[in-house]
Amino acid sequence: MAVIIELKNVWFSAQSRILARNINFEYEEGKTTALIGPAGGGKSTLLKLSAGLLVPDQGEVRFRGKDVFRMNRKENLEFRREGAVVFQDSALWANQNLFQILELPLRLHFPGMTARDRMRRIETVVSEVGYRKELNVRPAQLSMGEQKLLAFARALLCHPRLLYLDEWTESLDSTAAQRLIGLVKRCQREGNTVIFVSHNLAVISELADHIVMILGGQIFLKVTREQINSDEDLMRYVQKGMGA
Ligand SMILES: Nc1ncnc2c1ncn2[C@@H]1O[C@H](COP(=O)(O)OP(=O)(O)OP(=O)(O)O)[C@@H](O)[C@H]1O
Ligand SMILES: [Mg+2]
């Protein structure tokens with residue numbers, strides 16, 4: 001098994017509260033891991049730690065064996081290009097229009113790309129996620145669901161090898177959610193790694209190879225999809241733990 005992201009003895013606190021307690025976890029390359037648990041349990045914190053977006057107080061986060069906080073610029077850019085995040089609140093830039101927001105990652109990671117090719121790539125990802133309205137508006141003019149679609153489109157732009165998705169179907173109608181699920185399945189078929197947070201058991205049991213429950217900033221339970229699907233008691237336990 002190849003490990004793509006590894007957390008080793010990771011501790012993280014904010015405002016004197018410990019939000020991640022001695023996390024040790026390996027994400028397998030090409031596999032999908034669902035982070036589940038009750039509100040405030042620490043799922044988003046663990047997702048951001050795993051994406052190298054929060055600096056641990058102690059411990060290490062490694063991408064393909066390299067400490068993400070000791071990378072040189074080239075390695076860091078590669079890590080940023082290969083990994084793409086859909087944040088729980090979408091986190092689109094408030095003071096840019098949608099086209100500018102989508103253009104930025106392409107400008108950063110593919111500096112040789114022509115304006116025409118950037119436009120084509122943007123049109124492709126926007127149509128893949130099913131966003132049909134104009135791009136010369138700012139995020140505040142979109143619904144929460146539309147913002148999620150745009151955030152998802154932004155994540156797909158640079159052909160990520162590693163997708164981090166936080167509550168990515170929750171604000172969407174079922175047609176839009178199914179479309180994004182289809183895109184995640186395509187990423188899986190292409191051999192990519194997916195780490196996602198969800199409260200939707202149907203989505204979890206359809207997509208996740210591994211399921212990790214987080215409670216009080218700690219990994220409370222690690223199971224595989226096979227274990228959940230073949231053990232009704234475990235399934236009920238997981239279901240209960242998601243809202244506990
Ligand atoms: N920057 C911060 N400063 C202080 N506390 C924080 C910070 N970020 C998160 N927290 C707290 O850490 C805990 C875990 O937050 P986190 O967002 O990781 O939970 P979650 O499991 O994703 O919850 P939800 O299901 O509501 O999204 C919460 O109690 C939250 O209030
Ligand atoms: Mg969260």
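This is a guided walk through the structure shown above, from its overall form to its finer details. Keep in mind as you read that the model is predicted.

Let's begin with the whole protein. It contains 9 helices and 10 strands. Its radius of gyration is 18 Å, close to the 18 Å that the globule rule gives for 244 residues, so the protein is as compact as a globular protein of that length. If you drew a box around the C-alpha atoms along the principal axes, the box would be roughly 50 × 40 × 35 Å. Of the 244 residues, 50% count as buried. The contacts tell you about the fold too: among those between residues at least 6 apart in sequence, 67% join residues at least 24 apart.

Now look for the sheet of 6 strands. It is open, its strands follow the order S6-S7-S8-S3-S9-S10, and the pairing is mixed. S6 and strand S10 (218–224) stand at the edges with a single partner strand each, so one side of each has no neighbour in the sheet. From one strand to the next, the twist averages 15°. Within this sheet, strand S3 (residues 32–36) and strand S8 (residues 193–197) run parallel and are joined by 4 bridges. You can find one of these pairings by locating Thr-32, whose bridge partner in S8 is Val-194.

Helices pack against this sheet. H1 lies across S3, S7, S8 and strand S9 (210–215), and it runs at about 160° to S7. Helix H2 (residues 73–82) also packs on the sheet, where it touches S6 and S7, and its direction makes about 50° with that of S6.

Next comes a sheet of 4 strands. This sheet is open as well, with the order S2-S1-S4-S5 and antiparallel pairing. Its edge strands are strand S2 (17–28) and strand S5 (66–67), each of which pairs on one side only. H1 appears again here: it packs on the sheet and touches S1, S2 and strand S4 (58–63), with its direction at about 125° to that of S1.

Follow strand S1 (residues 3–14) and you will see that 8 bridges join it to S2, the two running antiparallel. Val-3, for instance, stands opposite Glu-28 in S2. S1 also pairs with S4 in the antiparallel sense, over 5 bridges, and in that pairing Trp-11 stands opposite Gln-58 in S4. As a background idea, side chains in a regular strand alternate between the two faces of the sheet.

The backbone has some interesting spots around here. Most residues other than glycine have a negative phi. In the hairpin of S1 and S2, which has 2 residues between the strands, Gln-15 takes a positive phi near 45°. Asn-22 also has a positive phi near 45°; this residue is found in strand S2 and is partly exposed, with a relative accessible area of 37%. Arg-64 has a positive phi of about 45° although it is not a glycine. Arg-64 sits in the loop between S4 and S5 and is partly exposed, at a relative accessible area of 36%.

Turn now to helix H5 (residues 144–156). How far apart should the ends of its 13 residues be? At 1.5 Å a residue, H5 should span 18 Å, and its end C-alpha atoms are 19 Å apart, which agrees. The expected value is 18 Å because the rule multiplies 1.5 Å by one less than the number of residues. H5 is also mostly covered, with 12 of its 13 residues buried. Among the buried ones are Leu-149, Leu-150 and Phe-152, and also Lys-148 and Arg-154. The elements that cover the buried residues of H5 include S6, H3, helix H4 (115–129), strand S7 (162–166) and helix H6 (174–189).

Finally, visit the magnesium ion (ligand 2). Which protein atoms are its donors? They are OG of Ser-44 and OE1 of Gln-88, lying 2.0 to 2.2 Å from the ion. This pair links distant parts of the chain: Ser-44 belongs to helix H1 (residues 43–50), while Gln-88 lies in the loop between strand S6 (83–86) and helix H3 (98–109), 44 residues apart. Ser-44 is buried because its relative accessible area, 17%, is under 20%. Gln-88, by contrast, is partly exposed, with a relative accessible area of 41%.

Key:
Residues are numbered from 1 along each chain as its sequence is written. Chains are lettered from A and ligands numbered from 1 in the order in which they are written. This is a predicted model: local features need pLDDT of at least 70, side-chain atom pairs count only at pLDDT 80 or more; totals for chains, interfaces and linings use all residues. Side-chain values use heavy atoms; hydrogens and water are left out. Donors are N, O and S atoms within 2.8 Å of the metal (3.2 Å for Na, K and Ca); water is not among the atoms, so sites may look incomplete. Buried means under 20% relative accessible area, exposed over 50%, partly exposed in between (1.4 Å probe, protein chains only). Contact means heavy atoms within 4.5 Å. Two strands pair if DSSP finds at least two bridges between them. Axes are lines fitted to C-alpha atoms, for helices over the stretch in contact, and angles run from 0 to 180 degrees between N-to-C directions. The radius of gyration is taken over C-alpha atoms; the globule rule is 2.2 Å times the number of residues to the power 0.38.
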